[in-house]
Amino acid sequence: MSEIIFSILNHKKLESIKWQQKGLNLGVFAVSKGYPTKPVFGSLGDRDSFKKCPLAINYAAVKREQEQLFSHGGRLYLMQAQAKSVEEAQKKVYRELQKMDQANIFYRRDIGKNSI
């Protein structure tokens, strides 16, 4: 999806768009502790923990130094789960977010709640 948005914003030709026919996607942003007024900058953990995640991760304000990832702003990354239901997607995304280093991140734990 990000490639499609990038193409549209940069006035590039789109070959085709394949729409998902079943299920849904749910994304939860991990943000820096202290966001939005005073984001804390620090380690997000080793790069391998992110590589091992079975869900899609779209990075925002994250920088890499050797094999470590560090926060470099407020909104850090979006973790996205695809599932047949909101409840299933929530379980997937929150299970994987719990595996991440929690020292310098915060995320809402109610995403999708009003859709159930």
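Reader: How many salt bridges does the count come to?
Author: The count comes to 6 salt bridges. Keep in mind that this is a predicted model.

Reader: What makes the meeting of R47 and E67 a salt bridge?
Author: The rule asks for a Lys or Arg side-chain nitrogen within 4 Å of a carboxyl oxygen of Asp or Glu. For R47 and E67 the N to O value is 4.0 Å. That sits at the cut-off, so the pair is called a salt bridge.

Reader: Why does the R47 and E67 pair tie together parts that are apart in sequence?
Author: R47 lies in helix α2, residues 47-51. E67 lies in the loop between β4 (62-65) and β5 (68-71). The two parts are 20 residues apart in sequence, so the pair ties them together.

Reader: Why is R47 called partly exposed?
Author: Partly exposed lies between the cut-offs of 20% for buried and 50% for exposed. R47 has a relative accessible area of 24%, so it is partly exposed. E67, at 46%, also counts as partly exposed.

Reader: How do you know that K92 and E88 are separated by about one helical turn?
Author: Both belong to helix α3, and they are 4 residues apart there. The closest N and O atoms of this salt bridge are 4.0 Å apart. K92 is partly exposed at 24%, and E88 is partly exposed at 33%.

Reader: What makes R108 and D110 a salt bridge?
Author: Their N to O value is 2.9 Å. The limit is 4 Å, so the pair qualifies. R108 has a relative accessible area of 47% and is partly exposed. D110, at 32%, is partly exposed too.

Reader: Which residues are joined into one network?
Author: R95, E96 and K99 are joined, through salt bridges that share partners.

Reader: Now the rings. How many aromatic pairs are there?
Author: The count is 4 aromatic pairs.

Reader: Why is the pair of Y59 and Y77 called tilted?
Author: The ring centres are 6.4 Å apart, and the limit for a pair is 6.5 Å. The planes stand at 55°. Stacked needs under 30 degrees and edge-to-face needs over 60, so this pair is tilted.

Reader: Where do Y59 and Y77 lie?
Author: Y59 lies in strand β3 (residues 56-59) and Y77 in strand β6 (residues 75-83). The pair therefore ties together parts that are 18 residues apart in sequence. Y59 is partly exposed, at 43% relative accessibility. Y77 has 1%, which is under 20%, so Y77 is buried. F50 joins Y59 and Y77 in one aromatic cluster.

Reader: What makes the pair of Y94 and Y107 stacked?
Author: The planes are 25° apart, which is under the 30 degrees set for stacking. Centre to centre the rings are 6.2 Å apart. Y94 is in helix α3 (residues 86-99), and Y107 is in the segment after β7 (105-106). They are 13 residues apart.

Reader: How do you know that Y94 is buried?
Author: Y94 has a relative accessible area of 15%. Buried means under 20%, so Y94 fits. Y107 is buried as well, at 1%.

Reader: What lies over the face of Y107?
Author: R109 does, at 4.2 Å from the ring centre. The distance limit for this is 6 Å.

Reader: Which residues make the nonpolar surface patch?
Author: I8, L14, I17 and W19 make the patch, which covers about 400 Å². I8 is found in helix α1, residues 2-9.

Technical notes: Residues numbered from 1 in each chain as written. Predicted model: local features only at pLDDT ≥ 70, side-chain atom pairs only at ≥ 80, totals over all residues. Heavy atoms only, no water. Patch = residues over 30% accessible without salt bridge, like charges linked within 9 Å, V, L, I, M, F, W, Y side chains within 5 Å. Areas by Shrake-Rupley, 256 points an atom, 1.4 Å probe, with all protein chains shown as cover. Phe/Tyr/Trp six-rings, centres within 6.5 Å; stacked < 30°, edge-to-face > 60°. Buried < 20%, exposed > 50% of the residue type's maximum accessible area, 1.4 Å probe, protein only. Lys NZ or Arg CZ within 6 Å of the ring centre and 35° of its normal.
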